[in-house]
Amino acid sequence: MAASILRRSLLAPRCRAGDVAALHSGPSRRRAQALGPIASGRRTGESPAGERGVAPWVAVVGLEIHAQISSNSKLFSGSQVQFAAPPNSLVSFFDASLPGTLPALNRRCVEAAVMTGLALNCSINKKSLFDRKHYFYADLPAGYQITQQRLPVAVNGSLLYSLCVGGKKNQMVTRTVRIKQIQLEQDSGKSLHDDTRSQTLIDLNRAGVGLMEVVMEPDMSSGEEAAAAVRELQLILQTLGSSQAIMAEGQLRVDANVSVHHPGEALGVRTEVKNINSARFLARAIDYEIQRQIKELENGGTVVNETRAFDYKLGCTIPMRDKEGKQDYRFMPEPNLPPLILYDTKSLPTNTNHQQVVNIDWIQERLPDLPSVRRVKLVEQYGILPEHGFTLLNEDGLMEFFENVVRQTQMSAKKVIGWILNDMLCYLKQHNLTVQESPVSSLFLADLLNLLERRTISSSAAKQVLEELWKGEGKTPLQIVKEKKLELIQDQQELEQICQAVMEGHQEEVMEIKKGNLKVLNKLIGLVQRTTRGRADPVLVKQILEKRLSQ
């Protein structure tokens, strides 16, 4: 459990609700689950008490995550599931809630929920129930949502996630968040607000799409921890194939419950930040909300139990609606769906049609290696550091890129990882590009590293070639080397003359080295490299300089 101490001096950024244009929340409007008190064993630390001697604050964060199930059809109807389809083109009679229509449970959605529950160390309920949750909204034509309030499909799990800490973010720590439950439920439609014409349009394509709601206990204490937990869950879902979990397409939406309190006191009043569809925005929203609540309480105010939205442009949360009056959802058993019965190998009836049942053991046996296992295998297979394996797997498509380069180059994996993380990944992040959008293919990077490994070019020349490759002009590394004349100088006599000229032009550095200051030698090597535009082999240059300096 995480409950780090927050410094009072960290004040929330300024943001006024009046500065914000009308924000339209996403389709998920679930009331926050009653999140129980956090368990013992909390990590605490001391921080300055502030100017007035106020005790430090502890933040508590819990998450509710809606993951769209990867299925060709919806949860209770045969309508197709497709992103960005024309409005209202994928709506069945049941999705539109026409009288006389009945739900038919999608077996694929049940299997996806069971698979996810097993991967998250949950207990799978062999009997689960469906309920109606009543509330009125224009994009919910039935006036209720079919969910699992009383007895969900999976309960009492845990998720292990890692994050980088320390000043240089080079220390890996592993933490655990408890999973309260995983439940199946329908998604709602989508409201499209047209402010110009002052009207709202309804698109029911998403109505009835299968969702898994993963409820995490309040075991986190910062935006960084929450974002790391969500990213790990996203990787697990994608590995299982139970959800594509593409946040940009709304396939993974997060509601964050945030509160603050003094150590030893009862938990504070919490607010819920709704419908966050980016791990980066999630971290920013939570951290802002923590500091907003601290500032409010220290100024003598109170925290209101309310729902808020995060405005990523302003970097702050704004009020949507208060939750002081408890809404009555009038939960009732879904009369048109019998209990969902699951089996294991021991309880499976004989002469059963396997297409009509879900076997928990059969799913368990076919679980793929989860991200945590794959990271360990990367470290063992390539001899890289654990934090390198963490980054390779956490950056979408980076592991495949790395392995493609390793297969096509003569350079060792330990050297390749440096080029991947220090050069390629840094460039992509600076230019806000994904690995798939990289102008440098794995083949071109492998060709470049082969030239370096065969000592055709120096490392500084290789970086020059990489700069040219980023332009995306389609030239191969070898073509660039020849055009720029970046091949290593092979004539040792020519290299010795260059080294001699550099020494003669920098007598002060030469005298420093002869006095025993060997660090200055690196400066001379750099000057030779500058003179040759990176075409000199640094190892050979060092040997020549040391030989001449000893004479």
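## Glu-64 and its strand

Glu-64 sits in strand E2; strands here are DSSP runs of E with at least two residues, helices are runs of H or I with at least four, and both are numbered from the N terminus. Glu-64 has a relative accessible area of 0%, so it counts as buried. On that scale, buried means under 20% relative accessible area, exposed means over 50%, and partly exposed is in between, using a 1.4 Å probe and protein chains only. Glu-64 and Lys-180 lie 116 residues apart in sequence, yet their C-alpha atoms are 9.9 Å apart in space.

## What kind of model this is

This is a predicted model, in which local features need pLDDT of at least 70 and side-chain atom pairs count only at pLDDT 80 or more, while totals for chains, interfaces and linings use all residues. Residues are numbered from 1 along each chain as its sequence is written, and side-chain values use heavy atoms, with hydrogens and water left out.

The score pLDDT is the predictor's confidence in each residue, running from 0 to 100. Its mean for the protein is 87, and 89% of the residues reach 70 or more. Two stretches are a different story: pLDDT stays under 50 over residues 1-14 and again over residues 16-52. Where pLDDT is low, the predicted coordinates should not be read in detail. The model has 56 contacts beyond four places in sequence for residues 1-14 and 106 for residues 16-52, a contact being heavy atoms within 4.5 Å.

## The overall picture

The protein's secondary structure comes to 15 helices and 17 strands. Of its 551 residues, 50% count as buried. Take the contacts between residues at least 6 apart in sequence: 71% of them join residues at least 24 apart.

## The largest pocket

Rolling a probe the size of a water molecule over the atoms shows where empty space is left. The search runs on a 1 Å grid over the protein atoms alone: a cavity is a set of points where a 1.4 Å probe fits but cannot get out, while a pocket is an open set with protein on both sides within 12 Å along at least five of seven lines, and lining residues have an atom within 4 Å of a point. Grid points are joined across faces, edges and corners, and a volume is the space filled by probe spheres set on the points.

The largest pocket holds about 1,900 Å³ of space. Its lining has 42 residues, and Arg-231, Ala-279, Asn-394, Glu-395 and Lys-429 lie nearest the centre. Strand E7 (154-165) and helices H2 (223-240), H3 (279-298), H6 (386-394) and H8 (413-430) each supply at least two lining residues. H8 gives the largest share, with eight residues. By class, the lining has 18 nonpolar, 14 polar and 10 charged residues; Ala, Val, Leu, Ile, Met, Phe, Trp, Tyr, Cys and Pro count as nonpolar, Asp, Glu, Lys and Arg as charged, and the others, Gly among them, as polar.

## Aromatic rings that pair up

Rings of Phe, Tyr and Trp (its six-membered ring) pair if their centres lie within 6.5 Å; planes under 30 degrees apart count as stacked, over 60 as edge-to-face and the rest as tilted. By this rule there are eight aromatic pairs. In one of them, the ring centres of Phe-281 and Phe-310 are 6.2 Å apart and the planes meet at 50°, so the pair is tilted. Phe-281 belongs to helix H3 and Phe-310 to strand E14 (residues 306-311), so this pair ties together parts that are 29 residues apart in sequence. Both Phe-281 and Phe-310 are buried.

Tyr-382 and Phe-402 make an edge-to-face pair, at 5.1 Å centre to centre with 80° between the planes. That pair links helix H5 (residues 371-382), home of Tyr-382, with helix H7 (residues 398-408), home of Phe-402, 20 residues apart. Tyr-382 and Phe-402 are buried too. Elsewhere, Phe-76, Phe-94 and Phe-130 form one aromatic cluster.

## Some loop residues

Most residues other than glycine have a negative phi, and most peptide bonds are trans. Ser-97, not a glycine, has a positive phi of about 60°. Ser-97 is in the loop between strand E2 (57-68) and helix H1 (107-119), and is partly exposed because its relative accessibility is 29%. Lys-485 also isn't a glycine, and has a positive phi of about 55°. You'll find Lys-485 in the loop between helix H11 (477-484) and helix H12 (492-504), exposed at a relative accessible area of 56%.

Thr-302 is in the loop between H3 and E14 and counts as exposed, at 57% relative accessibility. Leaving out residues up to four places away in sequence, Thr-302 touches Glu-296 and Leu-297. The C-alpha atoms of Thr-302 and Val-269 are separated by 8.6 Å, with their positions 33 residues apart along the chain.
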